[in-house]
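The exercises below are meant to be worked with the sequence and the coordinates side by side. Try each task before reading the solution that follows it.

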Amino acid sequence: MLCQVTVLFYLPENDDHPELGTCVLHSKKGKIQKESEKEKFSDPDFTITEKAPYVRNAVFSFAPCLTSWHGVEKMKERVTRNSIQGFISTMKHQAKGHCPK
């Protein structure tokens, strides 16, 4: 696997919904991601450790690892989330590991 960082560029029309930013979650029990297994954001085992506000011209980046997840909290109203997602990768192959503390 390539060493990789995910980069999200937020492009909302206005700053009316900062709560719709991406969250980084960790398992309180130390759960590890499994291939093609989806977890539920509402699982009480997860705690939000970071949250990027969904505002104009904001950039949020993170390095995926085995012990973290990312997602957006359930929306109370229908809002279009305009964004550009990109990846920064190195040519060095390295397995995804545990998140640093």
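## Contacts and overall make-up

In this predicted model, 83% of the contacts between residues at least 6 apart in sequence join residues at least 24 apart.

**Exercise 1.** Describe the secondary structure of the protein chain, and state what share of its residues is buried.

*Solution.* Begin with the count of elements, which comes to zero helices and six strands, so that the pattern read along the sequence is β-β-β-β-β-β. Next, apply the burial cut-off, under 20% relative accessible area, by which 28% of the 101 residues are buried. Finally, turn to the surface, where the protein chain exposes about 7,400 Å², with carbon and sulfur atoms supplying 54% of that area.

## The sheet around E2

**Exercise 2.** Work out the strand order of the open sheet of three strands, and determine which strands stand at its edges.

*Solution.* The order is E3-E2-E5, and the pairing is antiparallel. Strand E3 (46-51) and strand E5 (68-71) each have a single partner strand, so one side of each is left without a neighbour in the sheet, and these are the edges. Neighbouring strands of this sheet are turned against each other by 35 degrees on average, with direction ignored.

**Exercise 3.** Give the number of bridges that join E2 to E3 and to E5, and find example partners for residues of E2.

*Solution.* Take the E3 side to begin with: five bridges join E2 to E3, and the two strands run antiparallel. Val24 has Glu50 of E3 as its bridge partner, while Leu25 stands opposite Ile48 in E3. Then take the other side, where four bridges join E2 to E5, again in an antiparallel arrangement, and where the bridge partner of His26 is Ser68 in E5. As a last step, consider how E2 is covered: four of its five residues are buried, so the strand counts as mostly covered.

## The nonpolar core

**Exercise 4.** List the residues of the largest nonpolar core, and identify the elements that give two or more residues to this core.

*Solution.* The core has ten residues, namely Leu8, Tyr10, Leu20, Val24, Ala52, Tyr54, Ala58, Phe60, Phe62 and Val79. The elements that give two or more residues to this core are strand E1 (2-10) and strand E4 (59-62). To see the surroundings of one member, take Leu8, which, leaving out residues up to four places away in sequence, touches Thr22, Ala58, Val59, Phe60, Phe62, Ile84 and Gln85.

**Exercise 5.** Is His17 buried or exposed, and which residues does His17 touch?

*Solution.* First locate His17, which is placed in the loop between E1 and strand E2 (23-27). The relative accessible area of His17 is 17%, and because buried means under 20%, this residue is classed as buried. When residues up to four places away in sequence are not counted, His17 touches Tyr54, Glu77 and Val79; Tyr54 and Val79 are among the residues of the largest nonpolar core.

## Salt bridges

**Exercise 6.** Find how many salt bridges the whole structure contains, and describe where the partners of each lie.

*Solution.* A search of the whole structure finds three salt bridges, which can be taken in turn.

1. The side chains of Arg56 and Asp15 meet in a salt bridge of 3.3 Å, N to O. Arg56 lies in the loop between E3 and E4 and Asp15 in the loop between E1 and E2, so the pair ties together parts that are 41 residues apart in sequence. Arg56 is partly exposed, at a relative accessible area of 44%, and Asp15 is also partly exposed, at 35%.

2. Lys31 forms a salt bridge with Asp43, and their closest N and O atoms are 3.5 Å apart. Lys31 and Asp43 are both in the loop between E2 and E3, twelve residues apart. Lys31 counts as partly exposed at 28% relative accessibility, as does Asp43 at 23%.

3. Glu73 forms a salt bridge with Lys51, the closest N and O atoms being 2.5 Å apart. Here Glu73 is in the loop between E5 and strand E6 (83-93), whereas Lys51 is in strand E3, 22 residues apart. Glu73 is partly exposed at 31% relative accessibility, and Lys51 is partly exposed with a relative accessible area of 33%.

Terms used:
Residues are numbered from 1 along each chain as its sequence is written. This is a predicted model: local features need pLDDT of at least 70, side-chain atom pairs count only at pLDDT 80 or more; totals for chains, interfaces and linings use all residues. Side-chain values use heavy atoms; hydrogens and water are left out. A nonpolar core is a set of buried Ala, Val, Leu, Ile, Met, Phe, Trp, Tyr and Cys residues joined through side-chain atoms within 4.5 Å. Buried means under 20% relative accessible area, exposed over 50%, partly exposed in between (1.4 Å probe, protein chains only). Contact means heavy atoms within 4.5 Å. Accessible areas come from the Shrake-Rupley method with a 1.4 Å probe; for residues, only the protein chains shown count as cover. Two strands pair if DSSP finds at least two bridges between them. Axes are lines fitted to C-alpha atoms, for helices over the stretch in contact, and angles run from 0 to 180 degrees between N-to-C directions. A salt bridge is a side-chain nitrogen of Lys or Arg within 4 Å of a carboxyl oxygen of Asp or Glu.
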